[in-house]
Amino acid sequence: RGRGIISPRFSMNGHQWELGVYPGGELHARHTPRSSTYLAIYIRLCSQGSVTASFDVKLLNKFGDLACRMRSPAINWRSDMITEWSWPQVMRRSKVLDENRYILDDDGTLAIVVSTKEDATAAFVPKNPLTKMMKGMFNDETTADVCFEVCSAEGKDDDDDGTKRAKTSTSFYAHRSILRGCAPMLAALFDVEDTGPMISAQISDVKPDIFQYMLGYVYGGSVPKEELMTHAKDIINAADKYSIVNLKLEAEAVYLNSTIFTVDNAMDNLLYADAKNCALLKETVLDFLAENSTEAINNISFADFPGSVVKDLMIAFDRSKKRIIQDHCSDSEGEDNDDDDGEDYSLMRVSELRRKLDGKGLDVDGSREAMIEALKNSTALSYAHDATD
């Protein structure tokens, strides 16, 4: 439940969209536990701008015939807010898997056709120029008031006299006011007492190309997916050290999607996730261990297993057990679990915890326990505030 497959972005009517398919149901507070026995689908606007459009989504069987059809009302989709439309109960998962219905192709592929109708009266809204202006200020020496000198690795011994060549550095120009708002830990490298036309700080623990990606991200830029895949751990390390949280989480997600977890790399990835506070990576590795427990016990040394992760491992085992029970009972009409009311954080997945924290304007970085504690404190404060009204 809550584990989906996200499509590559696709273009329709000049806008970029993505489609999400959740075979075990979408994890959302407004959905009942029984939703986990249904296939769920959502569609989301990914590109900048605003558009009013409705969608027609069809599930086709292996012969191309219509198996199921959903429509959305006309929605004002906007890029400055997360706008999506979901169908939480498209079809029972048992029916999708029923070979007699021929819904899945021979290789298990589910065919989904998406069409859209854009409202002809929708007003054109130009993009907010702030992002473009911010990007234009990146590494602009003429307007900058601070400079990062990012050192490259020290050269090898000189062939003639055995001396080491001096370190080289790359200069990156920035604006203290922007750093204070978007990257406080980078801003803190400059003494508040320092004044002058250009103040410098030295960076020796991040490679120049990685620092360029990170600082560019602070100025509203993005890191190409290929570069994120190639340098995922370097970017996570830098973003974690300097608290560029969104970039860290983006690199973490790309690393997850590009990594095949095995018993050979599970422990290394778990230790790395624990060290860098990558809660989603940690959850994924623990899920792998829970689902492959026999193989893990026989092939992995748990001598270095961090004690702080034991509770998360127990949660992973509990989730795995409940998922098996749900799969066996997917067609039954059993009673709903009263504990799953949308506010029970104990078994909630990391992505959903982060979504709830972001919706409340809270920090989305941190361990699973820290996120749950922050949500509980926020709920308690909300109850206390309501009680005083």
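The backbone nitrogen of Q16 lies 2.9 Å from a polar atom in the side chain of S47, a polar contact in the sense used here (N or O atoms paired within 3.5 Å; within protein, one must be able to donate a hydrogen and the other to accept it, and residues adjacent in sequence count only if both atoms are side-chain atoms). You'll find S47 in the loop between strand 4 (38–45) and strand 5 (50–60). Helices (H or I, at least four residues) and strands (E, at least two) are DSSP runs numbered from the N terminus. Is S47 buried or exposed? S47 is buried, at 14% relative accessible area, because buried means under 20%, exposed over 50%, and partly exposed in between (1.4 Å probe, protein chains only).

A word on where this comes from: the model is predicted, so local features need pLDDT of at least 70 and side-chain atom pairs count only at pLDDT 80 or more, while totals for chains, interfaces and linings use all residues. Residues are numbered from 1 along each chain as its sequence is written, and side-chain values use heavy atoms, with hydrogens and water left out.

Staying with the strands, I75 sits in strand 7 (residues 75–78) and counts as buried at 14% relative accessibility. Its C-alpha atom is 5.6 Å from that of A53, although the two are 22 residues apart along the chain. P23 belongs to the loop between strand 3 (15–22) and strand 4, and this proline is partly exposed, at 34%. The C-alpha atoms of P23 and V96 are separated by 9.1 Å, with their positions 73 residues apart along the chain.

Now for some backbone angles. Most residues other than glycine have a negative phi. Y102, in the loop between helix 1 (93–97) and strand 9 (111–118), goes the other way, with a positive phi near 55 degrees. Y102 is partly exposed at 41% relative accessibility. S243 also has a positive phi, about 55 degrees, and is not a glycine. Look for S243 in the loop between helix 7 (232–241) and helix 8 (245–257), where it is partly exposed at 34%.

Helix 2 (residues 129–137) is worth a look at both ends. N128 caps its N-terminal end, with a side-chain oxygen 2.9 Å from the backbone nitrogen of L130. After the helix comes N139, whose phi is positive, near 60 degrees. Helix 13 has a similar follow-up: G361 comes after it, with a positive phi near 75 degrees. Within helix 13 (residues 350–359), V350, E352, L353, R354, K356 and L357 are buried.

Next, the rings. There are 10 aromatic pairs in the structure, where Phe, Tyr and Trp rings (the six-membered one for Trp) pair if their centres lie within 6.5 Å; planes under 30 degrees apart are stacked, over 60 edge-to-face, and the rest tilted. F148, F172, F190 and F211 form one aromatic cluster. Two lysines sit over tyrosine faces: K233 over Y272, at 4.6 Å from the ring centre, and K241 over Y242, at 5.6 Å. To count, NZ of Lys or CZ of Arg must be within 6 Å of the ring centre and within 35 degrees of the ring normal.

Helix 9 (residues 266–276) holds D268, which is exposed at 54% relative accessible area. The C-alpha atoms of D268 and V285 are 9.8 Å apart, for a spacing of 17 residues along the chain. A275 is in helix 9 too, and is exposed at 58%. Its C-alpha atom lies 9.9 Å from that of N237, 38 residues away along the chain.

Finally, where is there empty space? The structure holds one cavity of 30 Å³ or more, and about 80 Å³ of space lies in the largest cavity. On a 1 Å grid over the protein atoms alone, a cavity is a set of points where a 1.4 Å probe fits but cannot get out, and lining residues have an atom within 4 Å of a point. Grid points are joined across faces, edges and corners, and the volume is the space filled by probe spheres set on them. The lining is made up of A279, K282, E283, L286, D312, I315, A316, R319, V350 and R368. Which helices each supply at least two lining residues? Helix 10 (279–291) and helix 12 (310–328) do. By class, the lining has five nonpolar, no polar and five charged residues, with Ala, Val, Leu, Ile, Met, Phe, Trp, Tyr, Cys and Pro as nonpolar, Asp, Glu, Lys and Arg as charged, and the others, Gly among them, as polar.

Terms used. On a 1 Å grid over the protein atoms alone, a cavity is a set of points where a 1.4 Å probe fits but cannot get out, and a pocket is an open set with protein on both sides within 12 Å along at least five of seven lines; lining residues have an atom within 4 Å of a point.
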